[in-house]
Amino acid sequence: MGTFESLKTKVGKFRLADKTLLLPEMSRAGCALIAGALRGYGINVQVMETYTGLQLGKQFTSGKECFPCQITLGDVLLHLEREKEKLGDTFRPENYVYFMAEAGGPCRFGMYNKLHRIVFDSLDGLSKTRIASITSDDSYALGGLMETGDRAHFRRTAYFAVVLGDVLDRLLWRIRPYERSAGQAEEYFEDSLATMVQAMVRYGRKRRFRRILDTLEEVAKRARDLIDPTIPPKPLIGMVGEIYLRSHRPSNQDLIKLLEGYGAEGVIASIGEWVNYISYDSMQKAAREVAFAIRERNLSGLRKHAGDWVRYRTELTYQYLRLDQVYRRVNKHLPIHADHRISRLERQLDNDRLFSFQVGTEACLSIGGALEYCLHGFDGIVNVFPFTCMPSTMCSAVLKPILDRMQIPYIDSAYDGTFQTNKEAILRTFMYQAAQHQKKRLAEGKLGTGH
Ligand code: SF4
């Protein structure tokens, strides 16, 4: 079978029933919860150990690819190699489906699963392992991955899982800088994650979200007691950037924990924000198509695009409803950092004529998100991204001069798997500047309103 044929027939929306779905880990909490949701739907899923296969990922790439592409390739190659060792003659590569989503241009995320396909096809046996994919182009429609009746429900359950994962992360980042004794926050996080995964497996498919929220509230109730109230507020650091790198602790060398070690309280832009952005962007595109169809007096086009607009609008409204429910339950017991509303980010960028959402990619979210942090009294911004990442480089070019004028400390933190010898000096200097910013802010009576 030729390469192009293989890309068409072995990358797509295949039925997952009776297969083992291999999920690469991005955010630990989010992936564990999505896996829990999938298990509830009867899908056999394995979240692969991550980053230990990096050498394999590098061995089968040229070095010009995006870093997340190399990491995820290494994860799946090592996982399948281990399965082969474990199962011996009974190993059947066709029994596995590897999951790798994609996004439309202009950056390279649409190419990861194509490159992974080519590598699979070049290896003995793995040409039979198919790659399941969903795309931001149709707002992550599940297509043939699941039975028709389950699709709409699962999409909503998966969104719920993503938001729960975000909130568990935010609880960890809220507690850890102020914990009464070292290690308590991480213990609490692991324990809470296991509890929430169980709840997701049990109630996710039945869509008994209220039961899951009750469990979350029990988890949140325990959080406040872990905080030592005598520790004064620390400089607030907002982290934006490329979604994989900023969420994947091993590849960003656990930057948030490192910053906490130098005196910060940090928060990283959420994964839910990206999902909301995809729905918002699809809705805006449909609105533009509606306007075009009216101008062209194209009645059938008008009907189709108006229908799409209503669908995306409903989806976004539903997502915000769930998101608010989840954050409200936690905030009752311990206020955590709020999530950004996409329309607000766009209005702000448009009004100040800083950047346009129509450029696409994550750059608009990172630029808008960073400015939103600044408006809420944050003391420093970090842009985290894979070395040579295109949207993050745009973000850096736009943010640097603006934050310089606003006198808010800013750094870029790029990663490619190597260790920078001067990283510590950069972070210490940045945190010194952030502490100065906090001192000045407090002297002016401006409280951080991040949470
Ligand atoms: S966002 Fe950056 S890392 Fe991700 S595919 Fe695009 S260029 Fe590569």
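In strand β4, the residue L22 finds its bridge partner in Y98, and this pairing belongs to a set of three bridges that join strand β2 (residues 20-23) to β4, the two strands running parallel. This is a predicted model, in which local features need pLDDT of at least 70 and side-chain atom pairs count only at pLDDT 80 or more, while totals for chains, interfaces and linings use all residues. Residues are numbered from 1 along each chain as its sequence is written. Helices (H or I, at least four residues) and strands (E, at least two) are DSSP runs, numbered from the N terminus, and two strands pair if DSSP finds at least two bridges between them.

**The five-stranded sheet**

- Five strands form an open sheet in the order β1-β5-β4-β2-β3, and the pairing is parallel.
- The edges of this sheet are taken by β1 (11-12) and β3 (44-47), each of which has a single partner strand, so one side of each is left without a neighbour in the sheet.
- At one edge, two bridges join β1 to β5 in a parallel arrangement, and V11 stands opposite I131 in β5.
- Further in, β4 and strand β5 (residues 130-132) pair in the parallel sense over three bridges, with A132 in β5 serving as the bridge partner of F99.
- At the other edge, β2 and β3 pair in the parallel sense over four bridges, and L21 stands opposite V45 in β3.
- Helix α2 (residues 28-40) lies across β2 and β3, and runs at about 170 degrees to β3; such angles run from 0 to 180 degrees between N-to-C directions, and the axes are lines fitted to C-alpha atoms, for helices over the stretch in contact.

**Side chains on the two faces**

- In a regular strand the side chains alternate between the two faces of the sheet.
- Both faces of strand β4 (residues 96-99) are covered, since Y96 and Y98 on one side and V97 and F99 on the other are all buried; a residue is buried if 20 or more other C-beta atoms lie within 10 Å of its own, exposed if 12 or fewer, and partly exposed in between, with C-beta atoms placed from the backbone.
- Along β3 the side chains alternate, with V45 and V47 pointing to one face and buried, while N44 and Q46 point to the other and are not buried.

**The four-stranded sheet**

- Another open sheet, of four strands, has the order β7-β6-β8-β9 with parallel pairing.
- Its edge strands are β7 (265-268) and β9 (410-415), each of which pairs on one side only, and the twist averages 25 degrees from one strand to the next.
- Strand β8 (residues 380-386) and β9 pair in the parallel sense over six bridges, and I381 stands opposite Y410 in β9.
- Helix α14 lies across β6 (236-241) and β8, running at about 170 degrees to β6.
- Helix α16 (residues 423-443) also packs on the sheet, where it touches β6, β8 and β9, and its direction makes about 150 degrees with that of β8.

**Helix α13 and its surroundings**

- The axes of helix α13 (residues 342-351) and helix α14 (residues 363-375) come within 9 Å and cross at roughly 85 degrees.
- The two helices α13 and α14 are therefore roughly perpendicular to each other, a term that covers angles of 65 to 115 degrees.
- L345, E346, Q348 and L349 in α13 meet C364, L365, I367, G368, G369, L371 and E372 in α14, where two residues are in contact if their C-beta atoms, placed from the backbone, lie within 7 Å.
- By class, this contact of α13 with α14 has six nonpolar, three polar and two charged residues; Ala, Val, Leu, Ile, Met, Phe, Trp, Tyr, Cys and Pro count as nonpolar, Asp, Glu, Lys and Arg as charged, and the others, Gly among them, as polar.
- In α13, the residues I342, L345 and E346 are buried.
- These three residues cover an arc of only 95 degrees around the axis, which puts them on the same side of α13; the arc is that of the directions from the helix axis to the C-beta atoms.
- The buried residues of α13 pack against α11 (271-295) and α14, whereas the face turned away from the buried side carries the exposed residues R344 and N351.

**Residue H340**

- H340 is found in the loop between α12 (299-331) and α13, and counts as buried because there are 23 C-beta neighbours inside 10 Å.
- Leaving aside its neighbours within four places in sequence, H340 is in contact with E273, L345, G369 and E372.

Conventions: Parallel < 35°, antiparallel > 145°, perpendicular 65-115°, else oblique.
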